[in-house]
Amino acid sequence: MAPAPAALASFCSEYVVLRGARELLKSAPMRNGEKMQRMAGNWRMRAASVALLGALGCQGGNTGGGSPAGSAAPAASAAAAGSAAPAASAAPGGAASASAAGSAQAAPAAASTISLTSETVLKVMNPRGRAPYSGPTGTLRGRVTIKGDPPPDTGLSFPTGKCGEAAATYGRLFRVGQQNAVADALVTVVNYSGHVPEREEAEKVTIHGCAFSTRTVAMTFGQRIEVANLDPLEPYMPNLEGAPFMAVLVAMPQGEAVPFHPPQPGYYQLVDKMPKPFLKAEVFVLKFATHDVTGLDGKFEIKGIPVGKVLTAALLPAIEQDVKKEIEIKEGENTLDFELNFDLEKHNEKKKSAKPSR
């Protein structure tokens with residue numbers, strides 16, 4: 001049973017947020033009517049992501065030019081009421097309505113109606129109808145690194161020959177580049193004043209050698225995700241888990257990109273319906289446009305941030321760890337680095353303690 005809205009609204013500790021999101025995820029139905037898989041650790045990663053990004057109100061930010069990013073009560077009640085939220089994102093998805101207009105609950109929209117300028121999206125992203133921010137802005141650049149234990153082997157097996165990039169992408173718990181740079185880290189900036197609209201209509205992902213170009217995808221609600229197959233011979237069947245299933249789509253070798261339209265903000269997984277269970281990417285559909293994901297060089301760049309005090313964060317989903325920093329954005333160039341710390345023993349202990357009850 002989902003927790004009472006008042007319980008989430010009254011307490012803003014990580015424990016309460018994680019516990020509440022866990023219950024929401026446990027009670028969420030799959031789109032095909034089956035119960036949600038309760039894989040150990042999955043709910044905790046999703047819940048930690050919710051806590052980090054403020055979807056349940058603990059890290060609220062004025063991301064849409066309206067109310068702070070999240071009144072916990074609508075988020076909890078939306079999922080508890082059994083809305084058609086994405087199966088893999090019951091807690092984050094329910095929070096889409098939380099920041100829309102305080103009390104309004106945004107139901108998932110049909111894919112054909114989702115765009116940056118659609119009414120459904122604007123109600124969530126810019127509920128007060130403010131003009132785009134036109135004051136002084138800054139650009140934030142930096143690097144995310146990691147220290148501590150090396151990433152352990154995932155134990156996954158990969159086809160030989162045609163899947164040349166799979167082992168390098170998915171063979172370890174997380175990807176590390178030169179000088180301890182960490183890939184696939186989500187970097188966000190929130191808590192500024194003003195509405196900053198998304199400028200790109202699509203977030204693009206490619207597949208090559210049985211591997212997505214990234215293990216973490218960050219996009220703004222209203223964008224579509226386009227998946228293109230760069231392989232010369234191998235076809236793929238990408239699917240956005242958590243979004244309503246419409247049809248089987250095939251990404252033909254070097255053909256046109258396959259589009260997906262997340263129906264509301266939240267957490268999704270990009271997977272392949274062919275027999276490649278390792279081929280996955282975490283997808284975060286956010287209610288603000290100021291975000292980026294690191295590559296193997298660990299670098300990120302976020303443009304168009306209104307000047308003033310902001311909250312920044314770097315999240316590595318693979319280890320459920322984030323670092324937050326409050327900084328002052330000045331007009332022009334700004335630099336900020338993040339460092340994560342990986343302790344394998346603590347990570348394994350957390351996985352054991354995070355196993356959900358049945």
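**Notes on the predicted model: strands, cores and a pocket**

1. Let's start with a pair of residues: isoleucine 225 sits opposite phenylalanine 260, which belongs to β7. The strands behind this are β5 (residues 224-229) and β7, which pair in the antiparallel sense over 3 bridges. Keep in mind that you are looking at a predicted model.

2. Stepping back, β5 is the middle strand of an open sheet of 3 strands, with the order β3-β5-β7 and mixed pairing. At the edges are β3 and β7 (258-260), each of which pairs on one side only. From one strand to the next, the twist averages 25°.

3. Another open sheet has 4 strands, in the order β4-β9-β8-β6, and here too the pairing is mixed. Its edge strands, β4 (216-220) and β6 (238-241), each pair on one side only. Ignoring direction, neighbouring strands in this sheet are turned by 25° against each other on average.

4. Now for the pairing around β8. Strand β8 (residues 266-272) is joined to β9 by 6 bridges, and the two run antiparallel. If you want to find the register by eye, glutamine 269 has glutamate 282 of β9 as its bridge partner, and tyrosine 267 stands opposite phenylalanine 284, also in β9. On the β6 side, β6 and β8 pair in the antiparallel sense over 4 bridges. There, asparagine 239 stands opposite valine 271 of β8.

5. Is β8 buried or exposed? Of its 7 residues, 7 are buried, so the strand is largely enclosed by the rest of the structure. In a regular strand, side chains alternate between the two faces of the sheet. Both faces of β8 are covered: one side has Gly266, Tyr268, Leu270 and Asp272, the other has Tyr267, Gln269 and Val271, and all are buried.

6. On to the packing. Nonpolar side chains tend to be buried together in soluble globular proteins. In this model the largest nonpolar core has 35 residues, and those with the most contacts inside it are Leu140, Val144, Ile146, Phe174, Ile305, Leu316 and Phe338. Elements giving two or more residues to this core are β1 (137-148), β2 (186-190), β9 (280-286), β11 (299-306), β12 (308-316), β13 (321-329) and β15 (338-342). Which of them gives the most? That is β12, with 5 residues.

7. Leucine 316 is worth a click. Leaving out residues up to four places away in sequence, leucine 316 touches Ile146, Phe174, Val182, Ala183, Asp184, Ala185, Gln321 and Leu340. Apart from the largest core lies another, of 30 residues, among them Cys210, Ile225, Phe278 and Val285. So Ile225, the residue opposite phenylalanine 260, is a member of that 30-residue core.

8. Last, a pocket. The second largest pocket holds about 610 Å³ of space. Which of its 29 lining residues are the closest to the centre? They are Glu198, Glu200, Ala289, His291 and Lys303. The elements that give two or more residues to the lining are β3 (202-207), β4, β10 (291-293) and β11. Two of these names came up above as edge strands: β3 in the sheet of 3 strands and β4 in the sheet of 4 strands.

Notes:
Residues are numbered from 1 along each chain as its sequence is written. This is a predicted model: local features need pLDDT of at least 70, side-chain atom pairs count only at pLDDT 80 or more; totals for chains, interfaces and linings use all residues. Side-chain values use heavy atoms; hydrogens and water are left out. A nonpolar core is a set of buried Ala, Val, Leu, Ile, Met, Phe, Trp, Tyr and Cys residues joined through side-chain atoms within 4.5 Å. Buried means under 20% relative accessible area, exposed over 50%, partly exposed in between (1.4 Å probe, protein chains only). Contact means heavy atoms within 4.5 Å. Two strands pair if DSSP finds at least two bridges between them. Axes are lines fitted to C-alpha atoms, for helices over the stretch in contact, and angles run from 0 to 180 degrees between N-to-C directions. On a 1 Å grid over the protein atoms alone, a cavity is a set of points where a 1.4 Å probe fits but cannot get out, and a pocket is an open set with protein on both sides within 12 Å along at least five of seven lines; lining residues have an atom within 4 Å of a point. Grid points are joined across faces, edges and corners, and a volume is the space filled by probe spheres set on the points.
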